[in-house]
Amino acid sequence: MTITFDKLELRQGEFSLTADLQIEEGHKIALLGPSGGGKSTLLSALAGFNTPQSGRILWRGEDITGTHPAQRPVTLLFQDHNLFPHLSAAQNIGLGLRPDLKLSRAEHDTVEQALEQVGLKGQGAKRPAQLSGGQQQRVAIARALLREKPILMLDEPFAALGPALKHEMLDLVGAIVDAAKATLLMVTHQPEDALHISDQTLLIAEGKAHAPQDTRTLLANPPLVLRNYLGT
Ligand code: ADP
Ligand code: MG
């Protein structure tokens, strides 16, 4: 059960990134590296929003390089702007089940359960603007959870939250991913967040995505490019 970036070359304007590596499913993986290093570019490619220049992406041995984003085994969550402002929290979550929002009674119940699971019981009627930033991210996570995709990708999801709430959210995501036996790819700028949630870390720097390594081992003895970035 593997995600493979096979001699992948990605471009964003002048920028180019190579990735030739495998990710074993079931891990929680942090993506670390300098700003502008290509972390979002790599996640976009796996999500199908960025067509590679060359190379292939394989999932469980199947070539998904040309697969439509909606058909990919992934959910991608951004730092913010994950919700539709004109829809309620419950409707935003319901989109994870049915894009046309024509939910059955059972599906409505599922949405209520998801709200409860992220600590927002009874708040389903609120619109995003009536919720705090942390609550909005919980709604987005609840929707991601209902989608039940094997790969959950979070692109700096909790950067705007304070430390206490952030840890709570990391624990929530970790528990959800473990229960679903899913794979987590999470961009972070904080080594302590990587240590908190991930067992492996994928370093992206100088135009290259490196194979995942044990997070503790990597951070105990970081390569120069990572030391420069961390300022240690
Ligand atoms: P990271 O997420 O690690 O901060 P990104 O993947 O967002 O880095 O960006 C990698 C590089 O690609 C950056 O140098 C950035 O300037 C460039 N880039 C990102 N998006 C675009 C775009 N839409 N058009 C042109 N260049 C882009
Ligand atoms: Mg980014």
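Helix α1, in this predicted model, is largely enclosed by the rest of the structure, because eight of its nine residues are buried. The buried members are Lys39, Thr41, Leu42, Leu43, Ser44, Ala45, Leu46 and Ala47, and the helix as a whole spans residues 39-47. Directly after α1 comes glycine 48, whose phi is positive and near 95°. Further along, in the loop between α1 and β4, the latter covering residues 54-59, one reaches asparagine 50. Asparagine 50 has a relative accessible area of 9%, and since the cut-off for a buried residue is under 20%, asparagine 50 counts as buried. Its C-alpha atom is separated by 7.7 Å from that of leucine 10, although the two residues stand 40 residues apart along the chain.

The same helix also leads to the ligand. The residues that surround ligand 1 are Gln12, Gly13, Phe15, Pro34, Ser35, Gly36, Gly37, Gly38, Lys39, Ser40 and Thr41, and of the elements that contribute to this shell α1 gives the most, with three residues. Sorted by class, the shell consists of two nonpolar, eight polar and one charged residues, where glycine is counted among the polar ones.

Several polar contacts can be followed atom by atom from this shell to the ligand. A polar backbone atom of glycine 38 is placed 2.9 Å from an oxygen atom of ligand 1, while in lysine 39 a side-chain N or O atom is found 2.8 Å from an oxygen atom of the ligand. For threonine 41, the distance between a polar side-chain atom and an oxygen atom of ligand 1 is 2.5 Å. Taken on its own, ligand 1 has 560 Å² of accessible area, and the protein covers 57% of that area. Lysine 39 and threonine 41, which make two of these contacts, also appear among the buried residues of α1.

From the ligand one can turn to the empty space inside the protein. Rolling a probe the size of a water molecule over the atoms shows where such space is left. The structure holds one cavity of 30 Å³ or more, and the space in the largest cavity amounts to about 30 Å³. Its lining is made up of Phe5, Ile23, Leu31, Leu42, Leu43, Leu46, Leu185 and Leu202, and by class these comprise eight nonpolar, no polar and no charged residues. Here again α1 supplies the largest share, with three residues in the lining. Leu42, Leu43 and Leu46, which belong to the lining, are likewise listed among the buried residues of α1. Helix α1 thus takes part both in the shell around ligand 1 and in the lining of the largest cavity.

Two residues in loops deserve a look for their backbone geometry. Histidine 81 has a phi near 60°, which is a positive value in a residue other than glycine, and its position is in the loop that joins β6, residues 74-77, to α2, residues 89-94. With a relative accessible area of 75%, histidine 81 is exposed, as the cut-off for that class is over 50%. Leucine 101, placed in the loop between α2 and α3, where α3 runs over residues 105-117, likewise has a positive phi near 60° and is a residue other than glycine. Its relative accessible area is 25%, so leucine 101 is classed as partly exposed.

Notes: Residues are numbered from 1 along each chain as its sequence is written. Chains are lettered from A and ligands numbered from 1 in the order in which they are written. This is a predicted model: local features need pLDDT of at least 70, side-chain atom pairs count only at pLDDT 80 or more; totals for chains, interfaces and linings use all residues. Side-chain values use heavy atoms; hydrogens and water are left out. A residue is near a molecule or strand if one of its heavy atoms lies within 4 Å of it. A polar contact is a pair of N or O atoms within 3.5 Å; within protein, one must be able to donate a hydrogen and the other to accept it, and residues adjacent in sequence count only if both atoms are side-chain atoms. Accessible areas come from the Shrake-Rupley method with a 1.4 Å probe; for residues, only the protein chains shown count as cover. Helices (H or I, at least four residues) and strands (E, at least two) are DSSP runs, numbered from the N terminus. On a 1 Å grid over the protein atoms alone, a cavity is a set of points where a 1.4 Å probe fits but cannot get out, and a pocket is an open set with protein on both sides within 12 Å along at least five of seven lines; lining residues have an atom within 4 Å of a point. Grid points are joined across faces, edges and corners, and a volume is the space filled by probe spheres set on the points. Buried means under 20% relative accessible area, exposed over 50%, partly exposed in between (1.4 Å probe, protein chains only).
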